[in-house]
Amino acid sequence: MSRRNKPPQEKNKILAGILAFFLGGFGIHKFYLGKPGSAFFYIFIFFMTSRFFPVSFILGWIDAIRLFTMSEEAFNKKYNKFLLEDDMYESRPVRRNERPMRREERRTERSPNRPTRRSISRSNPFKKSGQKKYKEFDLAGAIEDYNRALEISPGDHEIHYELACAYSLLEQKERSFYHLSQSVSKGMKQSERILTEDNLAFLRIQPEFEDFRKNGYNIINLPPEVREEVVQSIREEDIKDDVLLAQLNKLAELRKKGLLTENEFQLERKKLMRR
């Protein structure tokens with residue numbers, strides 16, 4: 001096989017995070033992730049600041065935290081895009097004497113009247129902004145945007161799944177159960193992700209989770225008392241969320257006016273999120 005036709009190498013999120021933590025100051029993780037331009041920038045920063053303290057190592061540690069907290073799906077979307085494209089066709093049975101389809105032919109095979117997944121994503125800006133905030137660990141902002149995205153695309157199982165992850169990180173199990181159930185019922189096929197997703201770890205240790213899993217991740221099949229607890233909690237959290245979002249928006253406005261520094265804003269935001 002020639003070098004030109006050699007398939008791209010799949011990147012590993014954990015390995016990238018380890019490289020960023022220990023060797024990030026030299027941009028090694030950027031070379032590994034196929035970002036040589038960023039890697040040379042890290043090397044430049046290292047030599048410029050090595051006389052005092054190599055700032056590039058701090059940037060590497062920040063990258064390591066971002067990589068470790070990033071979901072597998074988000075990592076693959078950014079660094080393993082070829083996997084997502086291949087997954088769309090790997091389940092398609094290949095007939096005898098049928099040659100593999102080229103990328104150009106795959107595009108023409110799609111119906112011109114059927115909107116593609118990319119065009120649907122572009123038509124819902126709140127989903128994109130929610131994903132950006134989610135990656136930056138701005139969970140309150142991500143949840144707000146995701147809920148607005150559901151008003152545009154109520155049947156989008158990805159939005160429900162990422163909401164479930166966000167609520168799990170905030171240790172709000174009732175809402176996490178609800179949105180995970182919605183994600184599965186609306187077409188999420190890779191249910192094995194639920195058992196390995198780092199951001200759903202809190203949900204998996206809950207006593208109700210095993211029954212939830214056995215019942216096909218269907219909240220309707222949970223015991224009545226548990227189901228009622230979920231519904232009641234969601235009603236109560238709606239009120240709390242409105243207050244929390246109002247407080248967060250007020251903090252953001254104070255920061256914008258220069259009445260709060262960035263450090264003061266982050267400190268106050270963390271205090272609100274812990275309540």
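Which helix holds both Glu210 and Arg213, and how many residues apart do they lie? I looked this pair up at the start, and found that both residues lie in helix α14 (residues 209-214), three residues apart, about one turn of the helix.

**Basis of the entries.** I am working from a predicted model, in which local features need pLDDT of at least 70 and side-chain atom pairs count only at pLDDT 80 or more, while totals for chains, interfaces and linings use all residues. Residues are numbered from 1 along each chain as its sequence is written, and side-chain values use heavy atoms, with hydrogens and water left out.

**Overall make-up.** I counted 16 helices and zero strands; helices (H or I, at least four residues) and strands (E, at least two) are DSSP runs, numbered from the N terminus. Of the 275 residues in the protein, 36% are buried, where buried means under 20% relative accessible area, exposed over 50%, and partly exposed in between (1.4 Å probe, protein chains only). I also noted that, among contacts between residues at least 6 apart in sequence, 51% join residues at least 24 apart, a contact being heavy atoms within 4.5 Å.

**Salt bridges.** The structure holds 13 salt bridges, each defined as a side-chain nitrogen of Lys or Arg within 4 Å of a carboxyl oxygen of Asp or Glu. Returning to α14, I found that Glu210 forms a salt bridge with Arg213, with the closest N and O atoms 2.4 Å apart. Glu210 is partly exposed at a relative accessible area of 34%, and Arg213 is partly exposed at 30%.

I then looked up Lys13 and Asp198, whose side chains meet in a salt bridge (3.9 Å, N to O). This pair links distant parts of the chain, 185 residues apart, with Lys13 in helix α1 (residues 13-23) and Asp198 in the loop between α12 (173-185) and α13 (201-204). Is Lys13 buried or exposed? Lys13 counts as buried because its relative accessibility is 3%, whereas Asp198, at 48%, counts as partly exposed.

Two further entries belong here. The side chains of Lys132 and Glu136 meet in a salt bridge of 2.8 Å, N to O, and a network of salt bridges links Glu73, Lys77, Lys127, Asp156, Glu158 and Arg193.

**Glu162.** Which side chain of opposite charge is nearest to Glu162? It is Lys77, 4.3 Å away, and Glu162 is buried yet has no salt bridge; for charge, Lys and Arg count as positive and Asp and Glu as negative, while His and the chain ends are not counted. I placed Glu162 in helix α11 (residues 157-169). Not counting residues up to four places away in sequence, Glu162 touches Glu73, Lys77, Gln131, Tyr134 and Tyr146. Two of these names, Glu73 and Lys77, also appear in the salt-bridge network.

**Cavity and pocket.** I searched for empty space on a 1 Å grid over the protein atoms alone, where a cavity is a set of points at which a 1.4 Å probe fits but cannot get out, a pocket is an open set with protein on both sides within 12 Å along at least five of seven lines, and lining residues have an atom within 4 Å of a point. The structure holds one cavity of 30 Å³ or more, and the largest cavity has a volume of about 70 Å³. Its lining includes Tyr134, Lys135, Phe137 and Asn199.

The second largest pocket contains about 570 Å³ of space. Its lining has 21 residues, of which Glu136, Phe137, Asp138, Gln266 and Arg269 lie nearest its centre. The largest share of that lining, five residues, comes from α15, and the helices that each supply at least two residues include α9 (125-135) and α10 (139-152).

**Backbone at two loop residues.** Most residues other than glycine have a negative phi. I therefore checked Phe137, which counts as partly exposed at 44% relative accessibility. Phe137 has a positive phi of about 65 degrees although it is not a glycine, and lies in the loop between α9 and α10. Tyr217, in the loop between α14 and α15, has a positive phi near 55 degrees, and at 8% relative accessibility Tyr217 counts as buried.

Methods. Points joined across faces, edges and corners; volume = space filled by probe spheres on them.
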